[in-house]
Amino acid sequence: MKKVIGLTGGIASGKSTVVDFLVSRGFQVIDADKVVRELQKPDGKLYQAILTEFGVEFFDENRQLNREKLGRLIFTDRVQREKLSALQDKIIREELYHKRDELLSALTEHSVIFMDIPLLIEYNYIGFDEIWLVVVPESVQLKRLMARNHLSEEEARNRISTQMSMTEKQRFADRVFDNSGTIEQLQSQVQQALEELCPTDYSEK
Ligand SMILES: CC(C)(COP(=O)(O)OP(=O)(O)OC[C@H]1O[C@@H](n2cnc3c(N)ncnc32)[C@H](O)[C@@H]1O)[C@@H](O)C(=O)NCCC(=O)NCCS
Ligand SMILES: Nc1ncnc2c1ncn2[C@@H]1O[C@H](COP(=O)(O)OP(=O)(O)OP(=O)(O)O)[C@@H](O)[C@H]1O
């Protein structure tokens, strides 16, 4: 049987770090943030709608979306965040499911694919055999987010507060990975889950 695993977690919880490990083990992963970035390029399906709704001031001279500027707006203004979501959600969803179907049809039976979708639970994505959740204590999440995105504590707190809390997310998860330790400790939890998921053939992927 082919399996689709949904991977999720709060902002800067460590999803991409898990994805890097899965890819290093030979698994195929659909990364929603990357798909969104492609759709937002000048030849992408989201470009014109964002330009029309938000205006040319959110784009640079090379016609690329100024993600930092749009991020600053939508993470501090709920109305603008909902506007962006209303604009993008259907197209992002269709694209992700399309990519999943394409990938599945190209794979043999007994394959496992992963979909890294940050807002999987908030936006009610469905169709997974399992949901994997990466969690970190909020203090660690805050520190990592501030460091990675060069944000002030207030900016980072704002971003975290736009998402469902990790405690609440745990109710929806089949497996939970604790990323409060080292990257190696995270990887060994994922390795264990892979062995349980596909005991006979995971090492051949
Ligand atoms: C606002 C944008 C342009 C900022 O771009 P930027 O490159 O700075 O961030 P990036 O796209 O890498 O997202 C980083 C993280 O922010 C969080 N995030 C993104 N959008 C949202 C949102 N609307 N609500 C809550 N968290 C969000 C996610 O955890 C995501 O992993 C971009 O995030 C965006 O278009 N967001 C809306 C699309 C979306 O829903 N993305 C999530 C995929 S399901
Ligand atoms: N165990 C760890 N120890 C130290 N740093 C870590 C650890 N795990 C992840 N990081 C760092 O924390 C930051 C966030 O991790 P990562 O990018 O994997 O999170 P993410 O969930 O994919 O984020 P986003 O939701 O924004 O896409 C990165 O800078 C990463 O290198």
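**Ligand shells, the annotated loop and the nonpolar core**

Gln28 is partly exposed, because 16 other C-beta atoms lie within 10 Å of its own, a count between the limit of 12 or fewer for an exposed residue and that of 20 or more for a buried one. In this predicted model, Gln28 belongs to strand β2, which covers residues 28-31. Leaving aside residues up to four places away in sequence, Gln28 touches Leu103 and Ile113. Gln28 and Ser105 are separated by 77 residues in sequence, and their C-alpha atoms are 13 Å apart in space. As for the confidence of the prediction, the mean pLDDT of the protein is 95, with 98% of its residues at 70 or more, and the model scores ipTM 0.96 and pTM 0.95.

Ligand 1 is surrounded by 18 residues, of which Ile11, Ala32, Arg67, Gly71 and Pro118 come nearest. The elements that contribute two or more residues to this shell are the helices α2 (32-39), α4 (67-74) and α5 (78-106), and the greatest contribution, 5 residues, is that of α4. When the residues of the shell around ligand 1 are sorted by class, 9 are nonpolar, 5 are polar and 4 are charged.

Around ligand 2 there are 16 residues, and the closest of them are Lys15, Ser16, Thr17, Arg144 and Arg148. Here at least two residues each are supplied by α1, α6 (138-149) and α9, with α1 giving the most, namely 3 residues. The shell around ligand 2 consists of 5 nonpolar, 7 polar and 4 charged residues.

An unreviewed UniProt entry carries the annotation "binding site" for Ala12, Ser13, Gly14, Lys15, Ser16 and Thr17; Lys15, Ser16 and Thr17 are also among the residues closest to ligand 2. Two of the annotated residues, Gly14 and Ser16, may be described in further detail. Gly14 is situated in the loop that runs between β1 (3-9) and α1 (15-24), whereas Ser16 has its place in helix α1 itself. Gly14 is buried, because 24 other C-beta atoms lie within 10 Å of its own and 20 or more are enough for that class. Ser16, by contrast, has 19 other C-beta atoms within 10 Å and is therefore partly exposed. Apart from residues up to four places away in sequence, Gly14 touches Gly9, Val134, Val136, Asn179 and Leu186.

The largest nonpolar core comprises 23 residues, and those that touch the most other members are Leu7, Val18, Trp132, Leu133, Val135 and Phe177. At least two residues of this core come from each of β1, α1, β3 (112-116), β4 (130-135) and α9 (183-197), and β4 holds the largest share, with 4 residues. As a general background to such a core, nonpolar side chains in soluble globular proteins tend to be buried together. Val135, one of the core members just named, touches Gly9, Ser13, Met166, Val176, Phe177, Asp178 and Asn179 when residues up to four places away in sequence are not counted. Among these partners, Phe177 is itself one of the core residues that touch the most other members, and Ser13 is covered by the "binding site" annotation in the UniProt entry. Gly9 and Asn179, which Val135 touches, are also touched by Gly14.

Note on methods
Residues numbered from 1 in each chain as written. Chains lettered and ligands numbered in written order. Predicted model: local features only at pLDDT ≥ 70, side-chain atom pairs only at ≥ 80, totals over all residues. Near = placed C-beta within 6 Å. Nonpolar A, V, L, I, M, F, W, Y, C, P; charged D, E, K, R; others polar. UniProt positions renumbered as here; feature names shortened; annotations may be inferred. Contact = placed C-beta atoms within 7 Å. Core = buried A, V, L, I, M, F, W, Y, C linked by C-beta atoms within 7 Å. pLDDT = per-residue confidence, 0-100.
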